[in-house]
Amino acid sequence: MLTLNQVSRRYGGSTALDGVDFVVPENTYMSLLGASGSGKTTLLRLIAGFEEPDQGTISFNGERIDGQPSHLRDIGFVFQNFALFPHLTVSENVAFGLRHRAHAPVTNETEIKDRTEAALELVGLSGFGHRGVSAISGGQRQRVALARTLVCEPKIVLLDEPLGALDANLRSRMCDELKAIRERLGVSFLHVTGSETEALTMGDKVSVLANGRIMQSDTPDNLFSHPVNAESARHLNAWNILDAELFDRDAARGLIAVRFDQIDVSPTGTVPADRPSLSATYLTGEFNGPTALSFFRASDGTLLQVVDHLSQPRLPELVEGQTYDLHFAADALRQFHGAA
Ligand code: ADP
Ligand code: MG
């Protein structure tokens with residue numbers, strides 16, 4: 001188990017990480033979701049030992065690892081841009097880490113060959129060893145980067161936006177493969193990403209990082225259905241977040257959230273009085289195949305989204321520029337105290 005306790009990291013006057021408490025359990029696929037600049041790479045670099053925290057501690061199975069040289073930590077790092085050696089073959093790239101690592105380099109050629117082949121087999125690249133890394137596809141380069149990390153049998157694998165350089169089809173296939181590879185190995189993967197779909201698909205658990213802090217760590221379905229604060233909700237791209245005062249009942253001050261797919265739309269004045277509702281103007285719609293997205297603007301300018309599923313449509317015919325009542329079941333509403 002990897003544990004970060006109150007970890008902070010500043011660069012000059014700006015704070016990249018601010019008292020991060022974070023746990024990666026044993027044998028777990030952990031996703032870390034955060035916007036660009038939220039400190040994801042910094043967090044991974046601190047764990048790997050490429051830099052040190054200003055404050056706080058990092059432990060693995062109860063033993064402090066912060067302050068230890070990077071090469072003694074046995075932590076694997078898959079870099080965002082793969083960082084392969086362009087002039088070496090696939091096998092040479094994978095073997096490089098074994099041959100040249102600062103701690104316990106492997107010199108026995110038979111061992112190097114066997115371990116390299118086993119790592120290539122694990123990532124589905126048996127038979128590709130002799131190829132140059134410029135003569136293989138982006139998805140295959142991603143696997144080489146992974147094999148190069150796995151060949152050293154790390155205790156945990158850190159992946160920095162590993163699917164960012166791949167196109168959409170390849171990305172979803174690679175998602176399944178990463179999960180399967182991790183399950184075969186039994187070590188934890190910590191996968192950082194800016195994509196909520198990727199984080200929710202991949203993670204046995206998902207943490208949300210914002211403003212240098214962990215907002216929530218939860219199972220994907222709990223996080224999606226029960227974000228504990230507005231910042232978590234914002235990262236899921238599925239929740240409307242509104243000032244509670246917009247909402248014409250006795251809501252306390254603060255923010256409320258309602259999921260895109262839990263809002264109904266009716267002509268003004270037709271909503272039963274006991275149902276939470278607010279007035280908003282229809283702007284435009286967007287058709288995405290199985291779902292249709294409708295955009296509204298509330299009286300304070302907040303943009304609202306409503307998702308309709310084609311198999312179970314619930315929205316009336318909407319006219320651009322017309323005002324409607326948006327309403328929802330009382331238990332669909334989440335309330336957050338204070339601003340976030
Ligand atoms: P992410 O990976 O989530 O995009 P980073 O961890 O790269 O975010 O960066 C977090 C913040 O720290 C950003 O504001 C970034 O500009 C800053 N930062 C990261 N590395 C350095 C550095 N070496 N020197 C100065 N500022 C840095
Ligand atoms: Mg980054």
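1. Start with two helices, α2 and α4. In this predicted model, V90, N93 and V94 of α2 meet V144, A147 and R148 of α4. The residues of this contact divide into 4 nonpolar, 1 polar and 1 charged. The two axes are 7 Å apart, and the packing angle is about 30°. α2 and α4 are therefore roughly parallel to each other, since angles under 35 degrees count as roughly parallel. The crossing of α2 past α4 is right-handed.

2. α2 has another partner, α3. Helix α2 covers residues 90-100 and helix α3 covers residues 109-122. Their axes lie 9 Å apart, at an angle of about 120°. α2 and α3 are therefore oblique to each other. This crossing is right-handed. From α2, the contact takes V90, S91, V94, A95, L98 and R99. From α3, it takes E109, I112, R115, T116, A119 and L120. The contact residues divide into 7 nonpolar, 2 polar and 3 charged. V90 and V94 are worth marking on the structure: they are among the α2 residues that meet α3, and they also meet α4.

3. α4 also packs with α5. Their axes come within 11 Å and cross at roughly 20°. That makes α4 roughly parallel to α5. α4 passes α5 in a right-handed crossing. On the α4 side the contact is made by G139, Q142, R143, L146 and L150. On the α5 side it is made by L170, M174, E177, L178, I181 and L185. These residues divide into 7 nonpolar, 2 polar and 2 charged.

4. Which residues have the most contacts inside the largest nonpolar core? They are V144, L146, L150, L159, L178 and F189, in a core of 34 residues. The elements giving two or more residues to this core are α2, α3, α4 (138-150), β7 (156-160) and α5 (168-185). α4 gives the most, with 5 residues. Several names recur here: V144 also meets α2, while L146, L150 and L178 also take part in the contact of α4 with α5. As background, nonpolar side chains tend to be buried together in soluble globular proteins.

5. F189 deserves its own look. Setting aside residues up to four places away in sequence, F189 touches T28, Y29, M30, L150, V157, L159, L178, I181 and R182. L150, L159 and L178 are, like F189, among the residues with the most contacts inside the core. Apart from this core lies another, of 25 residues. Its members include L4, V24, L46 and A48.

6. Now turn to A280, in strand β14 (residues 277-287). Is A280 buried or exposed? A280 is buried, with a relative accessible area of 1%; the cut-off for buried is under 20%. Neighbours within four places in sequence aside, A280 is in contact with F296, R297, A298, L304, Q322, T323, Y324 and L326. One of these, L326, is 46 residues away from A280 in sequence. In space the two are 6.9 Å apart, C-alpha to C-alpha.

7. Last, the whole chain. How many helices and strands does the protein chain have? The count is 8 helices and 18 strands. The C-alpha trace spans about 80 × 45 × 35 Å along its principal axes. The protein chain has 340 residues, of which 49% count as buried. Among contacts with a separation of 6 or more, 62% join residues 24 or more positions apart. The pair A280 and L326, in contact and 46 residues apart in sequence, is one of these.

How values were computed:
Residues numbered from 1 in each chain as written. Chains lettered and ligands numbered in written order. Predicted model: local features only at pLDDT ≥ 70, side-chain atom pairs only at ≥ 80, totals over all residues. Heavy atoms only, no water. Axes fitted to C-alpha atoms, helices over the stretch in contact; angles between N-to-C directions. Helix = DSSP H or I, 4+ residues; strand = E, 2+ residues; numbered from the N terminus. Parallel < 35°, antiparallel > 145°, perpendicular 65-115°, else oblique. Left-handed = near helix turned anticlockwise from the far one by under 90°. Contact = heavy atoms within 4.5 Å. Nonpolar A, V, L, I, M, F, W, Y, C, P; charged D, E, K, R; others polar. Core = buried A, V, L, I, M, F, W, Y, C linked by side-chain atoms within 4.5 Å. Buried < 20%, exposed > 50% of the residue type's maximum accessible area, 1.4 Å probe, protein only.
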